[in-house]
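Colleague: Could you walk me through this model, starting from one partly exposed spot and working outwards? I'd like a close look at that spot and then at how the rest hangs together around the chain.

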Amino acid sequence: MYGSDSDGLQAARAQLVSYSARLLDDGLAVGSAGNMSVRAGDRVAITPSGISYAEMRPEDICLVGMDGAELQSSETPSSETPMHLAIYAATRAGAVVHTHSPEVIALSAGRDELPAIHYAITGLGGPVRVAPYVRFGSAGLAASAVAALDGRSAVILRNHGAVCHGRDLAQAYDRALLLEWLARTYRLALSYGEPAILSAAELDEVTAESRRRRYGERRSGQP
Ligand SMILES: [Zn+2]
């Protein structure tokens with residue numbers, strides 16, 4: 001989480017602008033679609049509504065309280081602000097990234113879940129649920145996303161996009177890229193027929209081994 005002092009907020013705003021540009025380059029959104037936010041203490045810095053990413057400046061990033069009150073905003077905060085705030089209220093997230101990326105949207109129209117086509121899905125907490133369709137910007141969508149996020153750091157929104165959260169913007173963004181890659185890989189696998197899917201036990205084994213290796217790295221002083 002960023003500090004809530006002015007230096008922390010300035011850093012958060014600059015990082016949101018730079019990752020917003022990546023959103024287009026990486027094909028995770030088009031135009032001004034999608035949005036992202038970071039938490040700084042009891043405030044949330046969030047991308048504005050209706051400004052193209054190419055033109056967005058750090059001073060355009062909006063600041064809202066955890067109750068949604070606008071604090072320092074020359075622009076209108078993202079229409080999905082209620083969903084971002086609901087995720088912060090329900091999790092320990094430090095950043096939230098919402099994408100309109102084609103692979104997850106295509107999957108959402110035909111599946112209820114992204115299954116474990118590759119063990120890297122443990123980085124998202126396991127198979128990723130598709131939340132039922134609810135209109136953009138609504139409290140219902142926020143509730144639907146939070147419910148489907150249970151135990152996961154990613155959720156796919158039916159006929160809409162996806163949301164990932166992480167301890168910081170870099171992690172949340174990496175998860176959005178991973179999710180899109182997994183959805184594409186699953187679609188490719190379907191072209192060969194019914195794909196083999198990893199079991200819960202196999203995923204648990206991966207999670208345990210990843211933990212063991214991270215623990216070993218910390219003990220030996222490796223980064
Ligand atoms: Zn959206």
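Modeller: Sure. Let's start with Asn159, which counts as partly exposed at 47% relative accessibility. Keep in mind throughout that this is a predicted model. Asn159 sits in the loop between β7 and β8 (161-166). What's the phi of Asn159 near? The value is near 55°, and that's positive in a residue other than glycine. As background, most residues other than glycine have a negative phi.

On to the metal site. Which residues coordinate the zinc ion? Three histidines do it through their NE2 atoms: His98, His100 and His160, at 2.1 Å. Along the chain, the donors read H-x1-H-x59-H. Is His98 buried or exposed? His98 is buried, with just 1% relative accessible area, while His100 is partly exposed with 28%.

Back to β7, at residues 154-157, because its packing brings in a helix: the buried residues of α4 pack against that strand, and also against α2 (81-90) and β6 (128-131). Helix α4 itself covers residues 139-148, and its buried residues are Leu141, Ala142, Ser144, Ala145 and Ala148. Looking down the axis of α4, you find these buried residues within an arc of 165°, so they line one face of the helix. Turn to the face pointing away from that buried side and you meet Ala139 and Ala147, both exposed.

Now for a part that I'd check by eye: Arg13, placed in helix α1 (residues 6-25). Arg13 is buried and yet has no salt bridge. How far away is the nearest side chain of opposite charge? That's Glu59, at 7.5 Å, whereas a salt bridge needs the nitrogen and the carboxyl oxygen within 4 Å, so the pair doesn't qualify. What the side chain of Arg13 does reach is backbone oxygen: that of Ile61 at 3.1 Å, and that of Pro58, which lies 3.5 Å from a polar atom of the Arg13 side chain. Setting aside neighbours within four places in sequence, Arg13 touches Pro58, Ile61, Leu63 and Gln72.

Ile61 deserves its own stop. It's in the loop between β2 (43-46) and β3 (62-65). Being in a loop doesn't put Ile61 on the surface here: it is buried, at 1% relative accessible area. Again leaving out neighbours within four places, Ile61 is in contact with Arg13, Leu16, Val17, Ala45, Ile46, Thr47, Pro48, Met56 and Gln72. Ile61 and Ser37 are 24 residues apart in sequence, with their C-alpha atoms 9.1 Å apart in space.

What does Glu59 pair with, then? Arg57 forms a salt bridge with Glu59, and the closest N and O atoms are 3.7 Å apart. Both partners are partly exposed, Arg57 at 42% and Glu59 at 48%. How many salt bridges does the structure hold? There are 7. One of them joins Arg22 and Asp26, with the closest N and O atoms 3.5 Å apart; Arg22 is partly exposed at 32%, and so is Asp26 at 34%. Another links Arg212 to Glu209, where the closest N and O atoms are 2.8 Å apart. Those two are 3 residues apart in helix α6 (residues 200-219), about one turn of the helix. In passing, residues three or four places apart in an α-helix point the same way, because there are 3.6 residues a turn. Glu209 is partly exposed, at 28%. As for networks, shared salt-bridge partners tie Arg57, Glu59 and Asp60 into one.

Last stop: Tyr186, in helix α5 (residues 169-190). Is Tyr186 buried or exposed? Tyr186 is buried, at 6% relative accessible area. Its contacts, apart from neighbours within four places in sequence, are Leu107, Arg111, Leu114, Pro115, Ile117, Pro195 and Ile197. From Tyr186 to Asp204, 18 residues apart along the chain, the C-alpha separation is 20 Å.

Key:
Residues are numbered from 1 along each chain as its sequence is written. This is a predicted model: local features need pLDDT of at least 70, side-chain atom pairs count only at pLDDT 80 or more; totals for chains, interfaces and linings use all residues. Side-chain values use heavy atoms; hydrogens and water are left out. Donors are N, O and S atoms within 2.8 Å of the metal (3.2 Å for Na, K and Ca); water is not among the atoms, so sites may look incomplete. Buried means under 20% relative accessible area, exposed over 50%, partly exposed in between (1.4 Å probe, protein chains only). Helices (H or I, at least four residues) and strands (E, at least two) are DSSP runs, numbered from the N terminus. The arc is that of the directions from the helix axis to the C-beta atoms. Contact means heavy atoms within 4.5 Å. Lys and Arg count as positive and Asp and Glu as negative; His and the chain ends are not counted. A polar contact is a pair of N or O atoms within 3.5 Å; within protein, one must be able to donate a hydrogen and the other to accept it, and residues adjacent in sequence count only if both atoms are side-chain atoms.
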